[in-house]
Amino acid sequence: MNTSTNSGADHRLICTVDVVLLTLRDAQLQVLLIKREREPFAGALALPGGYVHASVDQDCADAARRVLRDKAGLPSPYLEQLASFSGPARDPRGWSVSVAYVALVAAPQAPQPGQHWLPVDELPQLPFDHGRIVATAVDRVRNKSQYSSLPVHLCAEPFTLPQLHGIYEALLGEPINAVSFRRKMDELGMLEPVPGAKLAQGPHRPAQLYRLRDEFRRTLSLAGRGLNA
């Protein structure tokens, strides 16, 4: 018979989701932060997040979509699970685990009251471990942008290839050879021309407008090598 006893009180595990919602504004990668209304850290800017509701959420991705809808006022954009962050020190309320997601949105409207879009390289100190979560998300997005269709989710449709080229360059922070870029777009196979739609560009020949193929709206297309390869 086991007569051992638990020397410490049992505590409820805090289970949440946090969403790193990114966009390009003024040619800068920016993240959405929301002013917290409650303690802990009331009044501080933090990532949109919240508890997982077992009664309504089918999984953590469902909880992340709900958080974006309720706290950011946005329909679900491109959404990808990032990582889990856990431990006894990240939340003053107790031992917690957060399943973090990264989401991308193109050309958002002006922020609502309490919302702030800030450049990812100019953030204040954030509560919990949200600074670490943002840094992890930015590394993931910039790394994947070298070989995938990820940046297209930051480009409002319809768009020209030069406009998408500029999105990739702004995200990666470096110039991309135009010939290599067009070759990679063909390799990725994610774009389709909008029939009969072109954009006049001053004295230059009108540029064809494109959109993302439906099958790539929630998934990525991958290229074998980097964009400048």
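User: Which share of the contacts in the protein chain comes from residues 24 or more positions apart?

Analyst: A contact means heavy atoms within 4.5 Å. In this predicted model, residues 24 or more positions apart account for 65% of the contacts with a separation of 6 or more. Local features here need pLDDT of at least 70, side-chain atom pairs count only at pLDDT 80 or more, and totals for chains, interfaces and linings use all residues. Residues are numbered from 1 along each chain as its sequence is written, and side-chain values use heavy atoms, with hydrogens and water left out.

User: How many helices and strands does the protein chain have?

Analyst: Helices (H or I, at least four residues) and strands (E, at least two) are DSSP runs, numbered from the N terminus. This protein chain has four helices and nine strands, and along the sequence they follow the pattern β-β-β-β-α-β-β-β-α-α-α-β-β.

User: Is strand β6 mostly covered or uncovered?

Analyst: Start with the term: buried means under 20% relative accessible area, exposed over 50%, and partly exposed in between (1.4 Å probe, protein chains only). In β6, residues 96–104, nine of nine residues are buried. For comparison with the chain as a whole, 45% of its 229 residues count as buried.

User: Which residues of β6 sit on each side?

Analyst: In a regular strand the side chains alternate between the two faces of the sheet. In β6, one side holds Ser96, Ser98, Ala100, Val102 and Leu104, while the other holds Val97, Val99, Tyr101 and Ala103. Both faces are covered.

User: Which way does β1 run beside β6, parallel or antiparallel? And what about β5?

Analyst: Two strands pair if DSSP finds at least two bridges between them. Strand β1 (residues 14–25) runs parallel to β6, joined by nine bridges; one pair of bridge partners is Val17 and Val99 of β6. Strand β5 (residues 78–87) is antiparallel to β6, again over nine bridges, and Ala83 has Ala100 of β6 as its bridge partner.

User: Where is Pro40, and what is the peptide bond before it like?

Analyst: Look at omega for the bond itself: from Glu39 to Pro40 the peptide bond is cis, with omega near 0°. Pro40 lies in the loop between β2 (28–35) and β3 (45–46). Phe41, in that loop between β2 and β3, has a positive phi of about 65° although it is not a glycine. At 35% relative accessibility, Phe41 counts as partly exposed.

User: Is Ala27 buried or exposed?

Analyst: Ala27 is exposed, because its relative accessible area is 61%. Its place is the loop between β1 and β2, and its phi is positive, near 60°.
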